[in-house]
Amino acid sequence: MTDGVETLRELEKKILWLASWTIHNANHLRENSDGLKVGGHQASSASLATIMTALYLDVLRPQDRVAVKPHASPIFHAIQYLLGKQTQRRLETFRGYKGAQSYPSRTKDADDVDFSTGSVGLGVAQTLFASLVQDYVRAHGWGLSRPEGRMVALVGDAELDEGNIFEALLEGWKQGLRNCWWIIDYNRQSLDAVVREGLWERYEQLFKNFGWDVVIVKYGSLQQAAFKEPGGERLRQWIDKCPNQLYSALVFAGGAAWRKRLNDEIGDQGDVSRLIEKRSDDALAALMNNLGGHDLPSMLEALHAATSDKPTCFICYTVKGFGLPMAGHKDNHAGLMTPAQMEVFRQAMAVRPGHEWDKFEGLSLPAEKLQSFLDRVPFAADKARRLSAPAIAVPDNLAVTIQPTMATQTGFGALLNEIGRGDNAFAQRIVTTSPDVTVSTNLGPWVNRRGLFAREAMADTFKSEHIPSTFNWEFSPKGQHIELGIAENNLFVLLSALGLSHSINGERLLPIGTLYDPFIARGLDALNYACYQDARFILVATPSGITLAGEGGAHQSIAEPLIGLAQDGLAAFEPAYVDELAVILRWAFAYIQKDGDAAPSERNWLRDETGGSVYLRLSTRPVEQIERTMTAELAQQIVDGAYWLREPGPNAQVMVAFTGAVAPEAIAAVGLMAEDRRDVGLLAVTSADRLNAGWTAAQRARERGLVHARSHIERLLADVPPHCGIVSVLDGHPATLAWLGAVAGHRTRALGVEHFGQTGSLAELYRHYGIDANAIVAAAQAIAPGRPIRHLKALP
Ligand SMILES: Cc1ncc(C[n+]2csc(CCOP(=O)(O)OP(=O)(O)O)c2C)c(N)n1
Ligand SMILES: [Mg+2]
């Protein structure tokens, strides 16, 4: 559509103006009570103005999805404003309460952000995994009536310092990535610095090694024309040799500085001197600043030429702050235009005071022409970019044969194995993935049944060679397990992509990712990112805690229950028994599909109708199971977060609240205390997270006047006498349950693990860290006075 270049040029000017005005308005004009002046947007945004104009207003199609470099958010919002998808009010309150977000946000912005960005590197990887998910969905025969989209990332060059990008690249290569564009804003500046020389060559090699096409957009059309003039070749050589720092400095300094420098270095050389001399200072600056990434014709040509489905990396030379007074200055990241500079810019843009938000103010083409161009922008052709998919019905019960003694991790494997037998929509929509711990997290039986996913089928050589093996590792386009290399960042970004499939592809998936609990920390920011985007998945983390005794401290998770408690968008559970797990997993499949905006339930004060993702912390410790009938009431309490295994009597002096695999210790302790403490209670806490969240919400509701609001934990503890002590215990940080004492004012002693474990037997470690029955009894004796507990003395 190169005949529209003039129109695009006009709109590009307008986009840069609107973005700059948005930032200026937020920082200088809006009443800013905290006095916080934040830069980081102005220069960084300007760097991408041309590229984003070319993309959004010409190259992209409705099915394409984009992750925009965090600091280019004002450019994104300005484009959406021109397209009628962003309001002036939100731009006026950019970075303010309920205004346009500082960094593009799927959940907080109202103008169709495809992928959130902010923590650099993660949005980039998200586009790669979104492409893989698109392939997964289509290979399963879903969504074929919609055209294939391209997943595009606008990448800051310093973002490429983030290791998660390279983890993703490697995985993309393994999985046969297609339809993915990474457009690198090669302004050679980061936040603090000017980047090293010659990085582009490393990038070029690297991307090629991973099977990508690499397109370098270095020279703009003015430069390309000048290179054809006599002496032009000499100029090109000079540009190619010029160090990044110097080029940036000269961009900042302007035409006269360019002339002096060029004359000093390549003057008196005949043709090239004439090439320089025949240009005014302004024309010379325009020529030297005319890098490919700021030249619409060059960008349009490069982007339109990439027609294959091969992943493609565009390295686009740009100037940070292009078109603004701070252009090229190495300190410009936090730079803001002063009111005086803005005034000069306003005049240059021919924007009258009071008309700053007018869409076409100061442009030379007629408004109707510009509007009709915008009305025809292909990217905006579909009314709804966000798709949706109906919920997949979840069975009322998940079947599992419970052995007398069983670990929750084994139970998880057995539950999925049973689901795997089914040939219903529910079983078909489940997709599992794991970073090289598929078998050791008990997904093996499921994978045996459902196969591994690959776009091209690949037989299991061991099977075809008739070598006995427990597992059948066959890859095919119908497989339902995505095998990942050991990179937890990739696991979480893939879950983020799988968990948005209903919205991106209009096809619902029920993703389950497994990993070892301690390694959540390795991908924690990516997990946070997935939750922030409201991606929906079930995370199964196992094994966990010092229960993993023999593996030693580096494999034993301590802080993860607190992550479960604190991570927004993630409902965390740690069941002790397999029947609890069956109830929770069933609930989780429904919960990850919820999308309502109903008020919190009056029963538990949780926002269950809004839905979210789920984290199950499981254990490899075999625990004696309880034979019982799963009543609807018990199932409800398990999901709400806790139930009485033994209700405390009216004179109870002490109760034990436990979570997870230490159930046998808690039960044993209650038995040991029974003779010396009256009416001892035993509370099974299946979700400290949900109990805590409900309690907080109910308190807030009461403070706002809903006097009858009561949370589940408040009801459970209502009849526990005030003098009763609580001993809480889990294989994780004690703070996870310590707050129980604050609910109704009971004196509490919280047991748990605070220090790295070491190798040892389970009994040794439980004793060492004070979470065995003996420690529970000792804690009870200390906080619930009474006669000495006889069994305590008898214990070693
Ligand atoms: C994970 C993470 N670390 C640090 C930051 C702070 N930060 C924001 S932008 C940036 C560097 C920006 O450089 P680049 O990506 O080249 O973009 P440019 O500013 O040049 O447009 C940094 C370090 C961040 N947003 N995320
Ligand atoms: Mg940069």
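This is a short talk about one ligand site, one helix with the loop that follows, and a few backbone details.

Good morning, everyone. Please keep in mind throughout that what you see is a predicted model.

Let me start with the ligand. How many residues surround ligand 1? There are 17 of them, and the closest are S44, K69, D157, Q189 and K320. If you sort that shell by character, you get three nonpolar residues, nine polar ones and five charged ones.

Now for the individual polar contacts. On the side-chain part, an N or O atom of S44 sits 2.6 Å from an oxygen atom of the ligand. The backbone takes part too: a polar backbone atom of G118 is 2.9 Å from a nitrogen atom of ligand 1, and for V120 the corresponding distance, again from a polar backbone atom to a ligand nitrogen, is 3.1 Å. As for coverage, ligand 1 on its own would expose 580 Å², and the protein buries 75% of that.

Let's move along to helix 17, which spans 367-375. Which of its residues are buried? They are L370, F373 and L374. These three lie on the same side of the helix, because the arc they cover around the axis is only 100 degrees. And what does that buried side pack against? Its partners are helix 1 (5-29), helix 3 (49-59) and helix 4 (73-82). If you turn the helix around, the face pointing away from the buried side carries the exposed residues E368 and D375.

After helix 17 comes a loop that leads to strand 6 (405-406), and V377 lies in that loop. V377 has a relative accessibility of 2%, so it counts as buried. Setting aside neighbours within four places in sequence, V377 is in contact with Y56, L57 and L83. I also have a pair distance for you: V377 and A153 are 224 residues apart in sequence and, C-alpha to C-alpha, 20 Å apart in space.

D382 is in the loop between helix 17 and strand 6 as well. Is D382 buried or partly exposed? Partly exposed, with a relative accessible area of 41%. Leaving out residues up to four places away in sequence, D382 touches P62 and K85. Between D382 and R61 there are 9.2 Å in space, C-alpha to C-alpha, although the two are 321 residues apart in sequence.

Last topic: the backbone. As a reminder, most residues other than glycine have a negative phi, and most peptide bonds are trans. With that in mind, here are three places to look at.

Where is the cis peptide bond? It runs from T542 to P543, with omega near -5 degrees. P543 belongs to the loop between strand 12 (538-541) and helix 25 (560-566).

Next is D534, whose phi is positive, near 65 degrees. D534 lies in the loop joining helix 24 (524-532) and strand 12, and is partly exposed, at 31% relative accessible area.

Finally, W605 also has a positive phi, near 60 degrees. Its place is the loop between helix 26 (578-591) and strand 14 (613-617). Why does W605 count as buried? Because its relative accessibility is 10%, and the cut-off for buried is under 20%.

That's my tour. Thanks for listening, and please feel free to bring up the model and look around.

Conventions
Residues numbered from 1 in each chain as written. Chains lettered and ligands numbered in written order. Predicted model: local features only at pLDDT ≥ 70, side-chain atom pairs only at ≥ 80, totals over all residues. Heavy atoms only, no water. Helix = DSSP H or I, 4+ residues; strand = E, 2+ residues; numbered from the N terminus. Buried < 20%, exposed > 50% of the residue type's maximum accessible area, 1.4 Å probe, protein only. Contact = heavy atoms within 4.5 Å. Near = heavy atom within 4 Å. Polar contact = N/O pair within 3.5 Å; in protein donor to acceptor, adjacent residues only side chain to side chain. Areas by Shrake-Rupley, 256 points an atom, 1.4 Å probe, with all protein chains shown as cover. Nonpolar A, V, L, I, M, F, W, Y, C, P; charged D, E, K, R; others polar. Arc of directions from axis to C-beta.
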